[in-house]
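Here is a short set of exercises to work through with the model open beside you. Try each task before you read its solution.

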Amino acid sequence: MKALLLTYWDSLRSSFWFVPAAMACLAVALAVAAVELDKAVGDDWLERLGWSYSGGAEGASLLQGTVAGSMIAIAGTVFSMTLVAMSLASSQLGPRLLRNFMRDTANQVVLGTFVATFVYCLLVLRTIRRADEVAFVPHLSVSIGVMLAMVSIGVLIYFIHHVSVSIQADVVVARVGHELEDGIGRLFPGQLGQPGSETSNAPREASLPAAFEREALPVGALEDGYLQLIDADALMELASQEDLLLRLERRPGHYLVHGQALVMVWPGERVTEALVDQLNDAFVFGNQRTATQDVEFSFLQLVEIAVRALSPGINDPFTAVACVDRLGSALSRLARCDMPSPLRFDAEGRLRLMAPGATFAGIVDLAFNQIRQNARSNPAVAIRMLDAIAQIAGHVQHPQDTACLQRHADMIVRGAREAVPEANDVLAVEGRFMAATQVLHRLHG
């Protein structure tokens, strides 16, 4: 249930309808409250303020109708501008970045402002009665409608500026980089050297029972799609209740087909149809990867921008360099974090769940391989990748992480020697390679 709620919330945040709908509901409540206040209090105190609307019913109807019609027209224009910006970003930077634009709160609030103003003015307009009936002009409500129209004009000016800035490549790369750093902080909260970190406290000496591989049974996925979320708390509770040991075979970001092994259950004889349904309820599938529990997805977004920038059709190495800078910053932060233990124990200290996760070496491969392959003939990007490796080297703590960085440095310089035609450019790459190698050897022997 927790994983499902998180999925629904993520879908709402990534939609264009939720915030505008919520703001429209607030506009309905404001219109009802303002009209009721007009009926209860009267207009004498408003006349003393001097700024409120003081005209008759005809003028109030015309004013509210004009504002309502203008707001719905501007809302259509804003939506069109947003779609154009998303189309440009998709073609230049990658279609998977559309989710980031849809999650932009500013775009949602701007659209909601115009929709809410339209709804408010429309509801107030229907309460205005002319003199041939029982005359009623809600002066306070009309004045609030004029204020909302003025606010909407300011919001429109802000939106034009915001769209112009948000489609710039450096801004997009920076936003993805910030989301990546937030994801690292959320999924890898432990810091190396801190007392009480998960790495230092987890009883890593526990191991699988000898009969696990022989007696455990696989539980397959009941649907196709990308694994987006895993409710580890629900799995732990179920394993404790049924006295089971579970080993996850897939992690968030993996694609599964119906029937593919999702989790191994020991003892296998306790697997029933009800248990299969309960286990699958702890996993959330979708049509696309998300960054909620999948830190690799955020790395891949930067990689996709860099690879597209290096393609012959775009040929924008400056954007690729910006992506490498952000990847180096994120990997430096990740190198200082504890990798979560794959072992999960119940309150009695019994091993209940094994959940292998991403490794630092695997994420480095994910971040650098495709960029290196597409930047073999581009010395500027190769040099910046070597600079990033030297920067990351100052933060790694384990020999295997150092060996991983050295391996990538070797591949970068080897690719430059094979693909860069200018000898001086090759010398520049080799100079940065020597500098990065010296840093790795000096810090980690």
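The exercises below deal with a predicted model and cover confidence, cavities and cysteines.

**Exercise 1. Confidence**

Find the mean pLDDT of the protein chain, and see how the model treats residues 191–205.

*Solution.* Start with the whole chain: its mean pLDDT is 84. Next, look at the share of residues that reach 70 or more, which is 90%. Then turn to residues 191–205, where pLDDT stays under 50. For this stretch the model has 26 contacts beyond four places in sequence.

**Exercise 2. The largest cavity**

Work out which residues line the largest cavity, and sort them by class.

*Solution.* Begin with the count: the structure holds three cavities of 30 Å³ or more. The largest has a volume of about 50 Å³. Now list its lining, which consists of Arg372, Ala375, Arg376, Ala382, Met385, Ile412, Gly415 and Ala416. Two elements, α16 (379–393) and α17 (399–419), give two or more residues each. The largest share, three residues, is from α17. Last, sort by class: five of the lining residues are nonpolar, one is polar and two are charged. Because Gly counts as polar in this scheme, Gly415 of the lining goes in the polar class.

**Exercise 3. The second largest cavity**

Which elements supply at least two residues of the lining of the second largest cavity?

*Solution.* First take the volume: about 40 Å³ of space lies in this cavity. Its lining is made up of Phe16, Val78, Phe79, Thr82, Asn107 and Leu111. Now place these residues on the helices: α4 (57–93) and α6 (105–125) each supply at least two of them. The largest share, three residues, belongs to α4. To finish, sort the lining by class, which gives four nonpolar and two polar residues, with no charged ones.

**Exercise 4. Cysteines**

Decide how many disulfides the model has, and whether cysteine 323 and cysteine 337 are buried or exposed.

*Solution.* Look for pairs of cysteine sulfur atoms within 2.5 Å. By that rule, the count is zero disulfides. Next, take the cut-off for buried, which is under 20% relative accessible area. Cysteine 323 has 0% relative accessibility, so this residue counts as buried. Cysteine 337 has a relative accessible area of 5%, so this residue is buried.

Methods:
Residues numbered from 1 in each chain as written. Predicted model: local features only at pLDDT ≥ 70, side-chain atom pairs only at ≥ 80, totals over all residues. Heavy atoms only, no water. 1 Å grid on protein atoms, 1.4 Å probe; cavity = no way out; pocket = protein on both sides within 12 Å on 5 of 7 lines; lining within 4 Å. Points joined across faces, edges and corners; volume = space filled by probe spheres on them. Helix = DSSP H or I, 4+ residues; strand = E, 2+ residues; numbered from the N terminus. Buried < 20%, exposed > 50% of the residue type's maximum accessible area, 1.4 Å probe, protein only. pLDDT = per-residue confidence, 0-100. Contact = heavy atoms within 4.5 Å.
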